[in-house]
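Let's take a walk through this model together, one piece at a time. Keep the picture open and turn it as you read.

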Amino acid sequence: MSDHVTSALAGAAFDGFVQLREAGACGMITLRGDFSSAVFQKAVGEVAEGAGVPKTRQITTAGDSAVAWMSPDELLIMCPHAEAPARAAALAQALSGEHALAVNVSDARAVFDLTGAGSREVLAKLCPVDFAPGAFKQGEIRRTRMAQVAAAVWMTGPDSFRVVCFRSVAAYVFGLLQASAQPGSEVGVFADT
Amino acid sequence: MLILECPYCGVTGEETEFHGGGEAHIKRFGPGSSDDDFHDYLFTRENPFGVHFERWRHVSGCGKWFHAARCTKTLEVFGTYSAQTTEPPSDLRAAISDKRPGWTWREFS
């Protein structure tokens with residue numbers, strides 16, 4: 001099946017005062033369980049190439065994998081799309097004696113990449129979050145509201161962000177980001193910081 | 001505009017990231033209770049001009065329910081606390097007493 005996979009917007013792209021790209025198919029596994037359990041921590045490390053269970057509102061990365069803190073009992077494990085079913089099965093196997101649940105949700109969401117110096121501003125226009133360089137840093141993930149829908153945001157580099165939303169609202173979020181990144185609409189609020 | 005701090009993820013967010021869930025600490029009266037108790041459980045609510053306790057959900061964030069103590073007169077938020085409790089924590093009640101001496105809300109003061 002994996003060769004038939006298409007992402008929500010088939011790689012839509014827009015060049016405004018930042019570059020906006022739909023990131024394509026991304027493997028995602030929702031994992032719920034008790035973070036303090038040693039078995040749980042070991043299972044996460046094994047399936048995520050060594051990326052450990054992140055602290056509150058943090059995201060850890062290793063190789064092609066990332067582990068994001070979603071709530072006190074929920075993690076989102078990201079990996080190459082084709083590997084997600086096997087990794088979800090491996091997690092379920094490793095956690096068979098635990099009160100935990102691992103589900104492959106790779107096709108549930110849409111993923112966007114923002115690249116460019118104005119990325120903080122593009123997001124700050126849309127979310128009720130302080131995106132000032134001192135307030136939002138790499139390694140942090142923020143689940144929030146993007147205009148009318150839920151989204152999660154984290155930094156993939158000093159000037160680049162990744163945005164995740166539900167697939168059903170992918171076109172809406174792309175439109176939002178596109179409008180927010182429209183050339184000429186720069187506010188420059190973070191330019192001096 | 002309320003600024004609430006989610007006690008589960010630690011985010012200090014503005015009100016539109018959350019969703020109100022009505023009054024807090026409502027004791028359920030189910031099968032076997034009197035009609036009056038059941039009626040009050042379903043319909044009778046506080047409507048204070050001052051200290052109030054509510055349930056909120058961090059709907060666009062971690063998704064968890066929690067409790068908030070706030071003032072309906074000034075929109076000051078006294079604090080937020082875990083959903084896993086049947087009454088406001090004593091330190092929060094003391095903090096409210098410092099700001100609103102003599103406050104009462106249902107059986108709490």
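## Two chains, step by step

Start in chain B, where Gly20(B) has Trp56(B) as its bridge partner in strand E4. Before going on, a few ground rules: chains are lettered from A and ligands numbered from 1 in the order in which they are written, and residues are numbered from 1 along each chain as its sequence is written. This is a predicted model, where local features need pLDDT of at least 70, side-chain atom pairs count only at pLDDT 80 or more, and totals for chains, interfaces and linings use all residues, while side-chain values use heavy atoms, leaving out hydrogens and water.

The names need a quick word too. Helices (H or I, at least four residues) and strands (E, at least two) are DSSP runs, numbered from the N terminus. Two strands pair if DSSP finds at least two bridges between them.

Back to chain B. Strand E3 and strand E4 (residues 51-57) are joined in the antiparallel sense over 3 bridges. They belong to an open, antiparallel sheet of 4 strands, in the order E3-E4-E5-E6. At its edges sit E3 (19-23) and E6 (77-82) of chain B, each pairing on one side only. On average, neighbouring strands here are turned by 30 degrees against each other, direction ignored. For angles like this, axes are lines fitted to C-alpha atoms (for helices, over the stretch in contact), and the angles run from 0 to 180 degrees between N-to-C directions.

What lies across E4, E5 and E6 of chain B? Helix H2 (residues 90-99) of chain B does, running at about 175 degrees to E6(B). Pick out Leu92(B) in this helix. Leu92(B) counts as buried because its relative accessibility is 10%; buried means under 20% relative accessible area, exposed over 50%, and partly exposed in between, with a 1.4 Å probe and protein chains only. Leaving out residues up to four places away in sequence, Leu92(B) touches Ala69(B), Phe78(B), Gly79(B) and Tyr81(B), where contact means heavy atoms within 4.5 Å. Leu92(B) and Thr80(B) are 12 residues apart in sequence, with 8.7 Å from C-alpha to C-alpha.

Now hop over to chain A. There, 6 strands make an open antiparallel sheet in the order E1-E2-E8-E11-E10-E9. E1 and E9 of chain A are the edge strands, so to speak the two ends of the row, each pairing on one side only. From one strand to the next, the twist averages 20 degrees. Helix H4 (residues 170-180) of chain A packs on this sheet, touching E1, E2, E8, E9, E10 and E11, and its direction makes about 15 degrees with that of E8(A).

Follow the strands in turn. E1(A) and E2(A) form a hairpin with 3 residues between them, and Ala13(A) has Arg21(A) as its bridge partner in E2(A). In a regular strand the side chains alternate between the two faces of the sheet. You can see it in E2(A), residues 19-22: Leu20(A) and Glu22(A) point to one face and are buried, while Gln19(A) and Arg21(A) point to the other and are not. Leu20(A) stands opposite Leu114(A) in E8(A), and Leu114(A) in turn stands opposite Phe161(A) in E11(A).

Those last two residues also turn up around Ser119(A), which lies in helix H3 (residues 119-124) of chain A. Outside its neighbours within four places in sequence, Ser119(A) is in contact with Val18(A), Leu114(A), Asp159(A) and Phe161(A). Ser119(A) counts as buried because its relative accessibility is 1%.

Two helices of chain A are worth a look as a pair. H1 (residues 38-47) and H2 (residues 84-94) pack at an angle of about 160 degrees, with their axes 10 Å apart. H1(A) and H2(A) are therefore roughly antiparallel; angles under 35 degrees count as roughly parallel, over 145 as roughly antiparallel, 65 to 115 as roughly perpendicular and the rest as oblique. Val39(A), Ala43(A), Val44(A) and Val47(A) of H1(A) meet Arg87(A), Ala90(A), Leu91(A) and Ala94(A) of H2(A).

Finally, the backbone. Most residues other than glycine have a negative phi. Glu49(A), however, has a positive phi near 55 degrees, and Ala147(A) has a positive phi near 50 degrees. Glu49(A) sits in the loop between H1 and E4 (59-62) of chain A and, at 41% relative accessibility, counts as partly exposed. Ala147(A) is in the loop between E9 (141-146) and E10 (149-157) of chain A and is buried, at 17%.
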